[in-house]
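How are the parts of this protein placed relative to one another, and what surrounds its ligand? The paragraphs below take the domains to begin with, and then turn to the ligand.

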Amino acid sequence: MTVRIAIIGTGYVGLVSGACFAELGHDVVCVDKVASKIDMLNSGGIPIYEPGLEEIVRRNSAAGRLRFTTSVTEAVQRCDAVFIAVGTPTKSDSDHADLSYVYAAAEEIAKSITGFTVVVSKSTVPVGTNRRVLEICRANIGENAQVAVASNPEFLREGAAINDFMCPDRIVVGADDQRAQEVMERIYSPLTISRNVPLISTSTETAELTKYAANAFLAAKISFINEMADLCEAVGANINDVSLGIGLDSRIGRRFLNTGPGWGGSCFPKDTRALLATAEQNNVNCKIVQAALEANEDRKRLMIEKVIHACGGAVNGKRIAVFGLTFKGQTDDMRESTSLVLLPALAQLGAQICAFDPSDPHEASELIGNINTCKTPEQAAEGADLLVILTDWMIFKTYDLKQLAAQMRRAHMLDLRNMYSSTEALAAGFTNYTGLGMPPTKRPALLAVAE
Ligand code: UGA
């Protein structure tokens with residue numbers, strides 16, 4: 001049965017969720033205060049980079065199931081459920097999440113609702129936020145309106161958000177009110193009934209904490225494998241095989257065991273810090289999450305040493321080609337990317353950085369400073385002394401490594417995502433290949449002479 005839904009905030013979470021709810025058949029209105037964003041969406045544009053989103057927005061807008069407006073009142077009146085999907089950035093003076101946008105949205109929604117409406121938090125919010133949202137709503141609703149709250153955290157990955165929404169491992173709904181629970185079950189029924197996706201019903205506090213626990217666990221999993229990669233390098237073992245060897249144990253699982261240059265993005269760093277702030281406030285010592293965060297900060301700095309080493313001990317005067325600037329592949333997002341730590345440090349040490357990123361993030365030069373951003377991979381590789389693979393863009397796998405190696409002054413590759421194998425890189429003409437968590441390899445001198 002169709003549910004009338006309003007989504008407050010057309011950022012990443014709001015826009016993807018709104019478009020996907022419409023795709024499931026619901027009647028959706030997305031709201032944003034920024035008029036230029038709404039104008040863009042109304043004229044068929046998409047303000048964020050997410051594979052597959054444009055098509056879903058276009059299809060559902062054309063079908064009349066998805067609309068965009070700047071007016072909360074217009075969107076919220078007569079809605080069954082209103083999702084809050086506004087930002088919860090880290091506060092400037094502490095590691096706590098800044099909830100001012102969530103509370104402001106709750107107040108505005110409450111003033112506009114009529115009849116029974118469920119106000120749902122999609123934004124990642126600390127434990128207890130939904131209780132406060134309920135208080136704010138109750139203090140601001142009109143005489144004939146009734147309100148209940150629910151927490152419905154999202155588990156979408158940038159770059160894979162549509163698939164994560166449509167084929168989730170689970171849906172978590174925290175609601176202390178039976179009617180709210182029923183509305184949420186109706187919203188997700190196309191997934192729970194047709195696709196057998198499990199829906200876990202909890203208290204609001206449990207749902208709120210589940211989101212932080214999921215992100216903290218995944219972040220810790222990556223920090224763990226990164227630590228094992230360092231150990232592999234020290235003892236001559238291979239991390240790819242270690243990951244496979246432990247990941248095939250179904251208790252551990254294969255995903256999120258790829259070693260890399262440190263995790264970034266708008267979620268893991270912010271959410272682990274916020275979880276630690278909540279733990280401290282409640283006098284609980286979350287040592288594992290603390291260690292995962294610290295290890296990750298160290299890891300980003302460790303990458304500076306790796307590049308210096310791959311350049312033979314000094315980067316001054318070296319031309320370094322860098323593939324990938326964003327925090328991971330398939331996104332244009334640079335938030336908390338390792339590139340922001342690594343590249344300014346290398347430039348400071350006198351390296352000439354020529355960076356290429358398929359998403360061409362417009363703020364790259366502004367954020368990093370002294371680097372050349374190139375329009376093509378070939379431009380970046382031309383005359384380089386080292387090629388650094390920094391982001392795991394799938395498209396890199398289709399590049400002609402032979403051509404890239406031939407263009408370089410010194411064909412050395414430092415693969416910080418283990419995207420290539422040493423065999424592949426050396427066969428393409430690279431003379432040295434260094435991945436993470438494995439012994440570096442050189443092209444046998446005889447082979448080079450024979451060619
Ligand atoms: C993450 C979670 O994966 C989502 O479930 C969650 O909904 C989202 O945060 C959120 O809270 O909104 P996202 O930040 O898009 O999603 O990115 P991930 O794909 O999780 O990657 C995070 C970082 O970990 C990236 O820097 C990535 O390169 C790194 N990573 C990931 C690794 O280094 N190794 C891996 O095996 C996986």
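In this predicted model, the C-alpha centres of domain 1 and domain 2 lie 39 Å apart. The two names follow the domain assignment of the protein, which gives residues 4–202 as domain 1 and residues 299–450 as domain 2. Where the two domains touch, five residues from domain 1 and eight residues from domain 2 take part in the contact.

The area that domain 1 and domain 2 bury between them comes to about 510 Å², and 46% of it lies on carbon and sulfur atoms. On the side of domain 1, the residues that lose the most area to domain 2 are Tyr49, Glu158 and Gly159, which together account for 92% of what that side buries. By residue class, the side of domain 1 that touches domain 2 divides into two nonpolar residues, one polar residue and two charged residues. Between domain 1 and domain 2 the count of salt bridges is zero, while two residue pairs are in polar contact, both at pLDDT 80 or more.

Glu158, one of the residues of domain 1 that lose the most area to domain 2, appears again at the ligand, for among the 19 residues around the ligand those that come nearest are Glu154, Glu158, Lys211, Asn215 and Arg417.

Which atoms does the ligand meet in Phe155, Asn258 and Arg417? In Phe155, a polar backbone atom is 3.1 Å from an oxygen atom of the ligand, and in Asn258 a polar backbone atom is 2.8 Å from a nitrogen atom of the ligand. With Arg417 the partner belongs to the side chain, where an N or O atom is 2.8 Å from an oxygen atom of the ligand. Of the 720 Å² of accessible area that the ligand has on its own, the protein covers 93%.

Terms used
Residues numbered from 1 in each chain as written. Predicted model: local features only at pLDDT ≥ 70, side-chain atom pairs only at ≥ 80, totals over all residues. Heavy atoms only, no water. Domains from an automatic or database assignment. Contact = heavy atoms within 4.5 Å. Buried area = accessible area lost by both parts, 1.4 Å probe. Salt bridge = Lys/Arg side-chain N within 4 Å of Asp/Glu carboxyl O. Polar contact = N/O pair within 3.5 Å; in protein donor to acceptor, adjacent residues only side chain to side chain. Nonpolar A, V, L, I, M, F, W, Y, C, P; charged D, E, K, R; others polar. Near = heavy atom within 4 Å. Areas by Shrake-Rupley, 256 points an atom, 1.4 Å probe, with all protein chains shown as cover.
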